Amino acid sequence: MTKLSIVVFTNTLLNGGAEKQAVLLAKALQSNYKVYLVVFYGEKINNKLLDLIQKEKVQLLLLSGSKIKKFLIFYLLLRKYKINIIFSYL
């Protein structure tokens with residue numbers, strides 16, 4: 001049986017409650033599922049959260065470019081990784 005694929009989707013990784021909760025959720029789920037943390041504004045990152053992501057080896061996908069390009073890339077990621085569930089922290 002294959003693992004479910006999950007995306008935890010957030011606007012940024014700046015200091016904030018929702019951003020930290022997104023990282024913690026991805027960390028908690030990754031032991032049982034394929035988890036991808038996707039950041040819409042990939043250039044807006046807090047180094048403390050990035051260190052936590054790297055320490056916990058969470059799969060991080062940063063989107064860049066225009067909004068249309070980001071939506072297209074996100075759609076293609078959903079197809080490529082056969083995502084079953086999306087948790088959105090927008």
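Welcome to this tour of a predicted model. Keep the viewer open and select each residue or element as we reach it.

**Stop 1: T10**

Select T10 to begin. Is T10 buried or exposed? T10 counts as buried, because its relative accessibility is 0% and buried means under 20%. Colour residues 5-10 as well: they form strand 1, and T10 is found there.

Now show the neighbours of T10. Leaving aside residues up to four places away in sequence, T10 touches E19, A22, L37, V38, V39, F40, Y89 and L90. Zoom in on T12 too: its backbone oxygen lies 3.3 Å from a polar atom of the T10 side chain.

**Stop 2: helix 1**

One of the residues touching T10 was E19, and E19 takes us to helix 1, where it is buried. Select residues 17-29 to see the whole of helix 1. Helix 1 has 13 residues, and from its first C-alpha to its last it reaches 18 Å, close to the 18 Å expected at 1.5 Å a residue.

Which residues of helix 1 are buried? Highlight E19, A22, V23, L25, A26 and L29. Turn the view until you look down the axis of helix 1: these buried residues fall within an arc of 160°, so they line one face of the helix. On the other side of helix 1, look for G17 and A28, which are exposed.

What do the buried residues of helix 1 pack against? Their partners are strand 1, strand 2, helix 2 and strand 4.

**Stop 3: helix 2 beside helix 1**

Keep helix 1 on screen and add helix 2, residues 47-56. The axes of the two helices, helix 1 and helix 2, come within 11 Å and cross at roughly 0°. Helix 1 and helix 2 are therefore roughly parallel to each other.

Show the side chains where these helices meet. From helix 1, select E19, K20, V23, L24 and K27; from helix 2, select L49, L52, I53 and E56, which they meet.

Next, hide helix 1 and look at helix 2 by itself. Its buried residues are L49, L50 and I53. Seen down the axis of helix 2, they fall within an arc of 100°, so they line one face of the helix. On the other side of helix 2 you will find N47, K48 and K55 exposed. Bring the neighbours back, and you can see the buried residues of helix 2 packing against helix 1, strand 2 and strand 3.

**Stop 4: the two ends of helix 2**

How is the N-terminal end of helix 2 capped? Select N46 together with K48: a side-chain oxygen of N46 lies 2.7 Å from the backbone nitrogen of K48, and N46 caps that end of the helix.

Then travel to K57, just after helix 2. K57 sits in the loop between helix 2 and strand 3. Its phi is near 60°, a positive value in a residue other than glycine. K57 is exposed, because its relative accessible area is 69% and exposed means over 50%.

**Stop 5: helix 3**

Select residues 67-80, which make up helix 3. At 1.5 Å a residue, its 14 residues should span 20 Å; the end C-alpha atoms are 20 Å apart, which agrees.

Highlight K70, F74 and L77, the buried residues of helix 3. Looking down the axis of helix 3, you will see them fall within an arc of 60°, so they line one face of the helix. Rotate to the other side of helix 3 for the exposed residues I68, F71, R79 and K80.

What covers the buried residues of helix 3? The cover includes strand 1, strand 2 (34-39), strand 3 (59-62) and strand 4 (85-89).

Step just past helix 3 to K82. K82 lies in the loop between helix 3 and strand 4, and has a positive phi of about 50° although it is not a glycine. At 65% relative accessibility, K82 counts as exposed.

**Stop 6: K34**

Finish in strand 2 by selecting K34. At 42% relative accessibility, K34 counts as partly exposed. Add I6, which is 28 residues away from K34 along the chain: the C-alpha atoms of the pair are separated by 6.1 Å. Beyond residues up to four places away in sequence, K34 touches K3, L4, S5 and I6.

Technical notes. Residues are numbered from 1 along each chain as its sequence is written. This is a predicted model: local features need pLDDT of at least 70, side-chain atom pairs count only at pLDDT 80 or more; totals for chains, interfaces and linings use all residues. Side-chain values use heavy atoms; hydrogens and water are left out. Helices (H or I, at least four residues) and strands (E, at least two) are DSSP runs, numbered from the N terminus. Buried means under 20% relative accessible area, exposed over 50%, partly exposed in between (1.4 Å probe, protein chains only). A polar contact is a pair of N or O atoms within 3.5 Å; within protein, one must be able to donate a hydrogen and the other to accept it, and residues adjacent in sequence count only if both atoms are side-chain atoms. Contact means heavy atoms within 4.5 Å. The expected span of a helix is 1.5 Å times one less than its number of residues. The arc is that of the directions from the helix axis to the C-beta atoms. Axes are lines fitted to C-alpha atoms, for helices over the stretch in contact, and angles run from 0 to 180 degrees between N-to-C directions. Angles under 35 degrees count as roughly parallel, over 145 as roughly antiparallel, 65 to 115 as roughly perpendicular and the rest as oblique.
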